[in-house]
Amino acid sequence: MLTTKTARIFLKPPVFLICLLPFFFILTDSIELTGNLGANPIENIQDRLGNWGLRFLLLTLAISPLRKLTGQIWLTLFRRMLGLFTFFYVLMHFLTWLILEQNIYLPAITEDIITRPFITIGFLALLILLLLASTSTNNIQRKLQKKWYAIHRLIYAASILAVWHYWWQVKKDITEPLIYVFVLSILLLYRIWIKYLSRKN
Ligand code: HEM
């Protein structure tokens with residue numbers, strides 16, 4: 001079995017670089033080094049960043065169940081990193097919308113956030129992720145003690161809002177959002193099951 005120390009030295013740096021790859025490809029596509037972004041480049045960039053944000057969010061949620069099921073303690077090492085990558089991709093998704101789509105025009109931004117429900121819930125999810133990212137250091141975890149765990153349980157609310165946000169903006173084919181709903185349901189039901197078992201024993 002891999003030890004946490006070995007995983008920190010040999011696995012963490014390559015995994016970090018792999019997590020940056022989607023951003024690298026979006027960036028090189030954007031400056032037209034590698035490919036093209038299709039008929040609607042802003043939508044393409046925004047969608048890809050949003051999709052990666054959602055994937056990283058679900059990956060973050062999958063770490064604890066995977067660790068419990070496999071007994072590989074070192075997996076925990078990647079939870080914070082994946083959580084911060086979630087925030088990074090979602091923030092870039094938001095900034096693309098803010099800068100490239102809305103041209104940082106405040107009245108239009110506020111109107112969209114208030115009047116378009118799928119943007120309202122996406123924005124709420126972003127605020128939660130901001131809170132989680134800004135309280136993710138060991139120092140803050142130590143200071144907040146039990147409150148830290150209560151705050152970080154908000155990741156469940158953020159993940160429901162994020163999948164809902166995706167579902168809501170899909171126009172026709174709901175296959176992809178359905179896959180996310182399915183994966184998220186398994187991850188949340190697993191936690192409810194574990195809680196039920198620990199109460200029973
Ligand atoms: C946890 C937070 C968020 C996640 C995980 C997320 C993820 C996504 C995903 C997966 C899509 C669909 C991409 C596709 O069609 O392939 C999407 C679309 C969109 N999101 Fe978000 N999003 C989040 C927050 C936000 C925020 C804060 C805003 C703006 C305030 C925003 C604005 C949009 C818009 C405008 C679209 C539609 C883009 C289009 O026209 O195709 N999202 N988002």
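Which elements are included in what covers the buried residues of α8? In this predicted model, the cover includes α2, α5 and α9 (175–200). The residues of α8 that are buried are Ala158, Ser159, Leu161, Ala162, Val163, Trp164, His165 and Tyr166. The length of α8 was compared with that expected for a helix. With 1.5 Å for each residue, its 16 residues should span 22 Å, and the C-alpha atoms at its ends are 23 Å apart, which agrees.

The helix α5 was examined in the same way. Its 18 residues should span 26 Å at 1.5 Å a residue, and its end C-alpha atoms are indeed 26 Å apart. Gly122, Ala125, Leu126, Ile128, Leu129 and Leu132 are the buried residues of α5. Around the helix axis they cover an arc of only 165°, so they lie on the same side of α5. This buried set packs against α3, α7 (146–152) and α8. On the face turned away from the buried side, α5 carries the exposed residues Pro117 and Ser134.

Residues of α5 and α8 also appear in the nonpolar core. The largest such core has 29 residues, of which Tyr89, Ala125, Leu129 and Ala162 touch the most other members. At least two residues of this core come from each of α1 (4–30), α2, α3, α5, α8 and α9. When residues up to four places away in sequence are not counted, Ala162 touches Leu54, Leu57 and Ala125. In soluble globular proteins, nonpolar side chains tend to be buried together.

The surroundings of the ligand were considered next. There are 24 residues around the ligand, and those that come nearest are Asp47, Gly50, Gly122, Ala125 and Ala162. Two or more residues of this shell are given by each of α2 (41–70), α3 (79–101), α5 (117–134) and α8 (154–169). The element that gives the most is α2, with 8 residues. Sorted by class, the shell has 14 nonpolar, 8 polar and 2 charged residues. Ala125 and Ala162 are thus named both among the residues nearest the ligand and among the core residues that touch the most other members.

An exposed position is found in α9, the helix in which Ser198 lies. Ser198 counts as exposed because 8 other C-beta atoms lie within 10 Å, and a residue with 12 or fewer is classed in this way. From Ser198 to Ile31 the separation is 167 residues in sequence and 52 Å in space, taken from C-alpha to C-alpha.

How values were computed. Residues are numbered from 1 along each chain as its sequence is written. This is a predicted model: local features need pLDDT of at least 70, side-chain atom pairs count only at pLDDT 80 or more; totals for chains, interfaces and linings use all residues. A residue is near a molecule or strand if its C-beta atom, placed from the backbone, lies within 6 Å of it. Helices (H or I, at least four residues) and strands (E, at least two) are DSSP runs, numbered from the N terminus. Ala, Val, Leu, Ile, Met, Phe, Trp, Tyr, Cys and Pro count as nonpolar, Asp, Glu, Lys and Arg as charged, and the others, Gly among them, as polar. The expected span of a helix is 1.5 Å times one less than its number of residues. A residue is buried if 20 or more other C-beta atoms lie within 10 Å of its own, exposed if 12 or fewer, and partly exposed in between; C-beta atoms are placed from the backbone. Two residues are in contact if their C-beta atoms, placed from the backbone, lie within 7 Å. The arc is that of the directions from the helix axis to the C-beta atoms. A nonpolar core is a set of buried Ala, Val, Leu, Ile, Met, Phe, Trp, Tyr and Cys residues joined through C-beta atoms within 7 Å.
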